[in-house]
Amino acid sequence: MPPPNETPAARALRERQEAEAQRTSDKIDEQIRAERAAMKKKEKGIVRVLLLGQSESGKSTTLKNFRLKYARSAWKQERDSWRAVIQLNLLRSINTILDVLQAEMDGDPVVGLNEELRVAEEGMITTGIIDDSTGGGPRTPVSLDTPTPPSTPSTPWANTTPGSTASLSRQSESGSTQTSLVDTPLTNHHQLLKLRLGPLRHIELDLRRRLGAGAEEDYGSSTDTSIGVLGTVTITRKALVSKCSGSEFGVRRWKDALDNGRQPTGRGQVRVRSSELGHDTEPGGGVGRLGGDEATEVIASCREDMKTLWMDVAVRGVLKKRKMRLEDSAGFFLNDIDRIATRTYEPSDDDVVRARLRTLGVQEYRIPFEQSMGQSQLFPGSIGDFGKEWILYDVGGSRTIRHAWVPYFDNVNAIIFLAPISCFDERLLEDSRVNRLEDSFLLWRTVCSSKLLSKTPLILFLNKCDLLKRKLRSGVLVKNYLPSFANRPNDAPTVVKYLKEKFRDISKQYSPEPRVTYYYATSVTDTKATATTLQTVRDSILREHLKSADFV
Ligand SMILES: Nc1nc2c(ncn2[C@@H]2O[C@H](COP(=O)(O)OP(=O)(O)OP(=O)(O)O)[C@@H](O)[C@H]2O)c(=O)[nH]1
Ligand SMILES: [Mg+2]
């Protein structure tokens with residue numbers, strides 16, 4: 001309302017001011033509208049890709065390959081921050097070896113041949129998901145809506161936890177397993193080595209605290225949960241693992257971990273001085289130029305002892321006897337001790353790609369491509385801004401956190417599904433009754449049959465082909481775990497072809513409507529080969545977009 005007794009001059013002034021205010025407001029509205037439209041246009045051009053697959057299938061490693069190839073400057077900036085993660089990976093392996101040596105020295109029973117066969121039989125795929133000949137009938141697809149409860153055991157031995165302390169002791173009582181200190185090749189020299197490397201346990205804890213800031217998640221509280229399936233045998237945490245190396249380290253946000261890893265000091269840091277350890281110092285000694293933090297200092301001073309431990313023939317013998325194939329495990333850096341255990345260690349691209357940092361939450365990475373896909377060689381200049389920017393979503397793959405995937409199903413342009421095919425003889429870390437390959441098949445079936453994803457192109461990476469080759473060469477027989485493989489040649493090309501067909505059959509049978517699926521045999525730790533695959537993947541995703549937009 002105009003103020004009372006307004007003079008004509010005051011009124012004219014007020015109206016001028018009101019008109020001016022309106023013009024400014026309209027201008028702002030127009031600007032907001034224009035920004036929204038620009039944002040919408042840009043968002044429309046963004047390619048969203050979701051990386052799916054069980055834990056340790058290689059999702060994060062694939063993401064790293066994308067970043068290495070297409071986001072070089074961000075990659076370079078971040079590279080040094082991986083140093084603490086790689087040190088942690090190395091220490092985890094060393095402390096695992098020390099745990100095994102302790103078990104050997106304590107005369108803990110070793111799984112004997114009978115037990116091994118029994119465990120192998122338990123780990124067999126018998127549910128019929130890919131192997132109708134077994135008559136087991138398909139399992140229920142893995143639900144993504146709620147955390148998956150432990151699966152129904154499918155074998156007559158269901159009432160005993162495979163590899164549990166109980167079952168091991170029973171074997172021991174029955175005499176089919178053996179070992180005592182008397183049999184051991186270990187000597188006082190190993191005892192001494194173990195003592196000298198003792199401080200590394202504190203350093204592992206220190207690094208975990210520093211990187212994790214309390215973000216760690218354990219695989220439940222059960223003491224007989226497996227810590228890993230190396231070969232055919234599940235090794236129990238209770239039987240083997242110290243408080244330090246018991247659970248695998250994981251974080252909800254990589255960025256936080258990497259930022260924390262950059263800072264050498266922090267609360268709760270364990271103080272161990274290399275001078276107190278009595279180790280020789282590194283040639284050239286002194287404080288390293290990367291900051292000289294205590295973890296680096298202690299690791300460097302333990303370098304020779306770590307090398308001696310890893311190269312020791314008796315230690316290798318004990319690892320073999322106790323079925324520990326560390327070479328195939330995640331974050332394996334034992335062959336790089338010389339390079340890593342120094343005060344001036346700087347991670348290489350390859351180190352970062354191979355470093356293991358378990359994902360617990362969902363990581364989102366934006367990759368702005370310098371050259372849009374519209375200008376790619378395959379489709380010159382045809383689709384404007386589409387594909388100039390990608391968002392890659394990397395999720396945690398263990399069963400307890402798969403329900404977090406579903407919100408990302410909406411509005412994705414493609415899914416890259418990773419199935420590690422070398423793990424046909426391994427079991428899930430989070431449920432040691434389930435064969436890992438079988439879990440991948442069940443998960444693939446769930447993804448294929450999802451109505452939300454019925455129009456989403458699927459790209460399947462049959463991953464870890466390098467490990468598959470190595471495993472087959474060492475004499476592990478696929479037919480022992482996958483009866484329908486029968487007497488086909490036990491070589492990598494045959495196995496890859498066979499499994500690819502099985503994945504293809506599931507896609508055909510369970511997809512709500514016909515869909516395009518691309519299949520690649522990969523070893524995503526091989527960055528050169530993966531770069532070529534990613535180029536093809538980019539072009540495939542573009543092709544699918546063009547098809548859906550009726551351009552072709
Ligand atoms: N040798 C070999 N190792 C691989 C390959 N792919 C992944 N790895 C290793 O396997 C480990 C697990 O890979 P990640 O990429 O962390 O697995 P993920 O699927 O992200 O696992 P979560 O985060 O637990 O869901 C890492 O140490 C990788 O270096 C492969 O093709 N060959
Ligand atoms: Mg991951």
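Is aspartate 466 buried, exposed or partly exposed, going by its C-beta neighbours inside 10 Å? Keep that question in mind while we walk through this predicted model; we will come back to the answer at the last stop.

**Stop 1: the two domains**

Start by colouring the chain in two pieces. Select 46–78 together with 359–548 for domain 1, then 85–106, 187–229 and 238–353 for domain 2. Now look at where these two pieces touch: domain 1 brings 18 residues to the contact, and domain 2 brings 18 residues as well. On the domain 1 side, helix H2 gives the largest share, with four residues. That side of domain 1 is made up of eight polar, six charged and four nonpolar residues.

**Stop 2: ligand 1**

Next, select ligand 1 and show what lies around it. You should find a shell of 24 residues, with Gly58, Ser60, Thr61, Thr359 and Gly397 as the closest. Try highlighting helix H2 (59–70), strand E5 (358–359) and helix H18 (465–473), since each of them supplies at least two residues of this shell. H2 turns up here again, with the largest share of the shell at three residues. If you colour the shell by residue class, 14 residues come up polar, seven charged and three nonpolar.

**Stop 3: the annotated positions**

Now select Asp328, Ser329, Asn463, Lys464, Cys465 and Asp466, which an unreviewed UniProt entry lists under "binding site". These positions are spread over 139 residues of sequence, yet they cluster in space, with a largest C-alpha distance of 14.4 Å.

**Stop 4: asparagine 463**

From that group, zoom in on asparagine 463, which sits in strand E9 (residues 458–463). Asparagine 463 counts as buried because 30 other C-beta atoms lie within 10 Å, and 20 or more are enough for that label. To see its surroundings, leave out residues up to four places away in sequence; asparagine 463 then touches Ser57, Gly58, Leu418, Ala419, Pro420, Ile421, Thr522, Ser523 and Val524. You have already met one of these, Gly58, among the residues closest to ligand 1.

**Stop 5: aspartate 466**

Finish by moving along to aspartate 466, in helix H18. Here is the answer to the opening question: aspartate 466 is partly exposed, because it has 17 C-beta neighbours inside 10 Å, and that label covers counts between the exposed limit of 12 or fewer and the buried limit of 20 or more. Leaving out residues up to four places away in sequence once more, aspartate 466 touches Ser523 and Asp526. Select Ser523 as your final click: asparagine 463 touches this residue too.

Methods: Residues are numbered from 1 along each chain as its sequence is written. Chains are lettered from A and ligands numbered from 1 in the order in which they are written. This is a predicted model: local features need pLDDT of at least 70, side-chain atom pairs count only at pLDDT 80 or more; totals for chains, interfaces and linings use all residues. A residue is near a molecule or strand if its C-beta atom, placed from the backbone, lies within 6 Å of it. Ala, Val, Leu, Ile, Met, Phe, Trp, Tyr, Cys and Pro count as nonpolar, Asp, Glu, Lys and Arg as charged, and the others, Gly among them, as polar. Domain bounds come from an automatic or database domain assignment. Two residues are in contact if their C-beta atoms, placed from the backbone, lie within 7 Å. UniProt positions are given in the numbering used here, feature names are shortened, and annotations may be inferred rather than shown by experiment.
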